[in-house]
Amino acid sequence: MMLLLREVSKDATFRHLVARRFAVVRSDSARPRRIQNRNVMLWLYPGASGVKTGFTAGSGFCLIATARRGDRELAVVVLGGREEVFSDAAALLNHGFAAYELRALVEEGEALGSVRLRGGEVPVVAGQRLEAL
């Protein structure tokens, strides 16, 4: 599910749609109908930006949730949950925002030693900045 989310999140239209609390469905034969997104994370979790709720008999209650704080966006997937998957997702997001920070591991141009090859040693220098949680 996370790999699928990573791919579809590249699409700006998808990101816009899953972040909406309400939408209006228009029809040629009936009045426009206002529908509400059932993802309560959009109302209750600060920075929530989507994505999808669901339920099947086989998988139980499920939620894929994303939230943004500053320049960091996290995603969680809760599958086979109790009736209240929103609390589980919020707890996971809270942990992610509190327990991890983005840090530079290597700066561009930083000398990283050398590699011994046949005929001598070659210096190793970072070609770009590398960041990780």
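**Sheet, loop and surface of a predicted model**

Colleague: Over how many bridges do strand 3 and strand 4 pair?
Modeller: Strands (E, at least two residues) and helices (H or I, at least four) are DSSP runs, numbered from the N terminus. Two strands pair if DSSP finds at least two bridges between them. Strand 4 covers residues 60–69. Strand 3 joins strand 4 in the antiparallel sense, and the number of bridges is eight.

Colleague: What kind of model is this?
Modeller: Residues are numbered from 1 along each chain as its sequence is written, and side-chain values use heavy atoms, leaving out hydrogens and water. Local features need pLDDT of at least 70, side-chain atom pairs count only at pLDDT 80 or more, totals for chains, interfaces and linings use all residues, and the model is predicted.

Colleague: Which strands stand at the edges of the sheet?
Modeller: The sheet is open, with three strands in the order 3-4-5 and antiparallel pairing. Two of these strands have a single partner each, so one side of each is left without a neighbour in the sheet. They are strand 3 (48–56) and strand 5 (72–81).

Colleague: What is the average twist from one strand to the next?
Modeller: Axes are lines fitted to C-alpha atoms, for helices over the stretch in contact, and angles run from 0 to 180 degrees between N-to-C directions. From strand to strand, the average twist is 5°.

Colleague: Which helix packs on the sheet?
Modeller: Contact means heavy atoms within 4.5 Å. The helix spans residues 85–99 and touches strand 3, strand 4 and strand 5. Its direction makes about 145° with that of strand 5, and it is helix 4.

Colleague: Is Asn-39 buried or exposed?
Modeller: Asn-39 sits in the loop between strand 2 (33–36) and helix 3 (41–44). Beyond neighbours within four places in sequence, its contacts include Gly-50, Leu-63 and Phe-86. Buried means under 20% relative accessible area, exposed over 50%, partly exposed in between (1.4 Å probe, protein chains only). At 0%, Asn-39 is buried.

Colleague: What is the relative accessibility of Val-40?
Modeller: Val-40 is in the loop between strand 2 and helix 3. Its C-alpha is 8.8 Å from that of Arg-21, 19 residues apart in sequence. Val-40 counts as partly exposed because its relative accessibility is 32%.

Colleague: How many salt bridges does the structure hold?
Modeller: Side chains of opposite charge can pair when their charged atoms come close. A salt bridge is a side-chain nitrogen of Lys or Arg within 4 Å of a carboxyl oxygen of Asp or Glu. Arg-15, Arg-68 and Glu-73 are linked in a network of them. The total is seven.

Colleague: Which residue forms a salt bridge with Lys-10?
Modeller: Lys-10 is exposed, at 61% relative accessible area. Its partner is partly exposed, at 48%. The closest N and O atoms are 3.0 Å apart, and the partner is Glu-7.

Colleague: How far apart, N to O, are Glu-101 and Arg-103 in their salt bridge?
Modeller: Glu-101 is partly exposed, at 44%. Arg-103 is exposed, at 53%. Their side chains meet, N to O, at 2.6 Å.

Colleague: What is the area of the nonpolar surface patch made by Met-1, Leu-4 and Leu-79?
Modeller: Patches are made of residues with over 30% relative accessible area and no salt bridge; like charges are joined within 9 Å, nonpolar side chains (Val, Leu, Ile, Met, Phe, Trp, Tyr) within 5 Å. Areas come from the Shrake-Rupley method with a 1.4 Å probe; for residues, only the protein chains shown count as cover. Leu-4, in helix 1 (residues 2–8), is exposed at 51%. The patch area is about 320 Å².
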